[in-house]
Amino acid sequence: MKNIDDDSGCNTSGNETFQDVLDARVSRRGLISGGLATAVFLSLGGVDALLKAVPAFANGQRQKLLGFQGISVSDADSVQVPLGYTAEVLIAWGDPVSSGPAFKQDASNSADDQARQWGMHNDGLVYFPIAGSQRGLLVQNNEYTDDGLLFSDGVANWNQEKTNKCLNAHGVSIIEIGKRGGFLRDRRRRGGEWDVVRPSPFARRITGMTPIEIGGPAAGDARLRTIGDPTGTKVLGTLNNCAMGFTPWHTYLACEENFNGFFFTARLDPDARTPLEKRYGIAPFGTGFRLYTTDTRFNTDTEPNEPNRFGWVVEIDPFRSNSTPVKRTALGRLKHEGARVQETKDGKVVVYMGDDERNEYIYRYVSNLPWRVARRRGISPLDDGILYVAKFKVDGRGEWLPLTPTNPALAAWTLNDILINTRAAADAVGATMMDRPEWIDTFPETLTAIATLTNNNRRGSTPASANNSDGSTVAGTARPPVDATNPRAINNYGHIIRWDYAHDFSDPTFGWDLFALCGDPGNPGHGSTVIGDKYGSPDGIYVAPSGRLWIETDVSTSTINAGAYVGFGNNQMLCADPTTRETRRFLVGPKQCEITGVFVTPDEEAMFVGIQHPGETPDETPNDPTNPKLHSSWPDGAAGGRPRSACVVITKDDGGKIGS
């Protein structure tokens, strides 16, 4: 995700004060790690072809998960991978998704061109097989834009065409890809292990201007109705899609995160804004995107309900290019960082979601019916279920608090009140504030989930404060004390937490543990428990079929290799053994980028990784269009006109599994 609001600072953590507590927690929960290595298959019904299980234990012998030599930190303007691996650009911002126009290095492509090209700043992704590990669909989010790079003259002379191009660079990109050698027509394609199939009947763009339905309980609510849509059931576009998920019925879930950055008001006085606007961060004119200057739906003084139509999980069918995406309101409205779908033993679906801002919460949704039964009855499993929020306790246990009117703390709320103002509902029930909840994945065999918490430089600072139980908190401003699940003050480096269940993923209670406190294990001042290569600000997390745990970092561009992160180099991706917790650095990205989005083919012989915002400015303002390569020239180098976000494909030179 785009790193916002977390200014850097020295780590004055009192972590050692809590080390005895953490050691006790790790010891008590040691049995989890002993079983994690066997947690290697996803029980996702019809999508088991996506991730074919390969047990980490075979014939009583445990497989070695980390078979590569970890690489050094790097500040080079290139993608670094271990010896014996090759990383090549599969597709970059502006490349056609099918038979569309080519990218112009001076950024002079039109808004209509951009609607047929790979979007900007790609993030979470999924590979959907068509022919196993030989051919499939790659679906990836396009989170946000750098308008200094998107246009030849940057943000100057803003007009409707620029608004349209900006919106068309957002959303989701769908392409068909194939491995060379498997099909006759591959002979006509360029060299390399993989390439984009063009033209393709599956390829399409879903943008900030694509018609999308609103589904679930809140559809049609008065707070979702606008001048342009008096029904409250249809919205134009999806914005700021960060992480993602996929379902057993082969659909893709795009997650709207920092949507508030697109909507503005002339009301400069914070008290003039509604509690709902304050809780979700609607800001005054003059900051962020300029869409409101030409499109009234981004001006909340004209369209006060338009922001309520964003902050949802969007379901997309990648195999039906004429299908209409749907925003699933039963999953709640927040700054969604992923939607990890896990099937339960009785066929229901559980969806895990993080709300990516300081002091926000971890959520889950449980369908009321087994998903196959629901779909036979014409019901979306994502429209009929119960939303919960996590409460972590100091004794290593936790519970899921239901966000329903039957909860006494929400007795005065309607279900739609809860779904539209989910953050305030979580405030009211007393959920545990977390240090920026990010991606979540699962180890199905051991009934274990694992989540990244990127950082929180306000944790444990003064004056102490918490989210208000009446839901009136201004998002991210609280300064909660340290607690067992967030044990470091001024948490610059973040950490990874995991929890498990006694019977099934739908259990109301769980036990939890800390997998790693991030930072440099060689520096006692960091209080890190990492075993192996140093890293901080964990963001993307992915459990591969083999059980390998992949971790991606999102150090803010203002602190990359600076401040608390001196000596950490550029953002990186690491691989961890979930049993031993040994962690090795596998990839380092180019200058000023974030590493985000990772997925493997079913045979694990190809890996797709997102390289987002190479060359982003240290203060995250738009680049200077007169000097667009000031901070990076990746991936096109001297021949290119500006840096471009891209998806790379990684293969092992000997054809083996990635990481082996």
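This passage describes strand 5 and its two pairing partners in a predicted model, and then turns to the cysteines.

A good place to begin is strand 5, which spans residues 135–142. This strand is mostly covered, with eight of its eight residues buried. Strand 5 pairs with strand 4, residues 122–131, in the antiparallel sense, and seven bridges link the two. Within this pairing, G136 of strand 5 stands opposite P129. Strand 4 and strand 5 form a hairpin with three residues between the strands. In that hairpin, G132 adopts a positive phi, near 55 degrees.

Strand 5 also pairs with strand 6, which covers residues 171–179. The sense is again antiparallel, here over eight bridges. One pair to look for on screen is L138 with its bridge partner I175 in strand 6. Strand 5 thus has pairings with strand 4 and with strand 6.

The cysteines make a friendly check on the model. A search of the whole structure for disulfides returns zero. For C242, the reason lies in distance: the closest cysteine sulfur belongs to C255 and is 8.3 Å away, which is too far for a bond, because a disulfide requires the two sulfur atoms to be within 2.5 Å. C242 is also buried, at a relative accessible area of 0%. Another cysteine, C575, is likewise buried, with a relative accessible area of 0%.

Key. Residues numbered from 1 in each chain as written. Predicted model: local features only at pLDDT ≥ 70, side-chain atom pairs only at ≥ 80, totals over all residues. Heavy atoms only, no water. Buried < 20%, exposed > 50% of the residue type's maximum accessible area, 1.4 Å probe, protein only. Helix = DSSP H or I, 4+ residues; strand = E, 2+ residues; numbered from the N terminus. Pairing = 2+ DSSP bridges.
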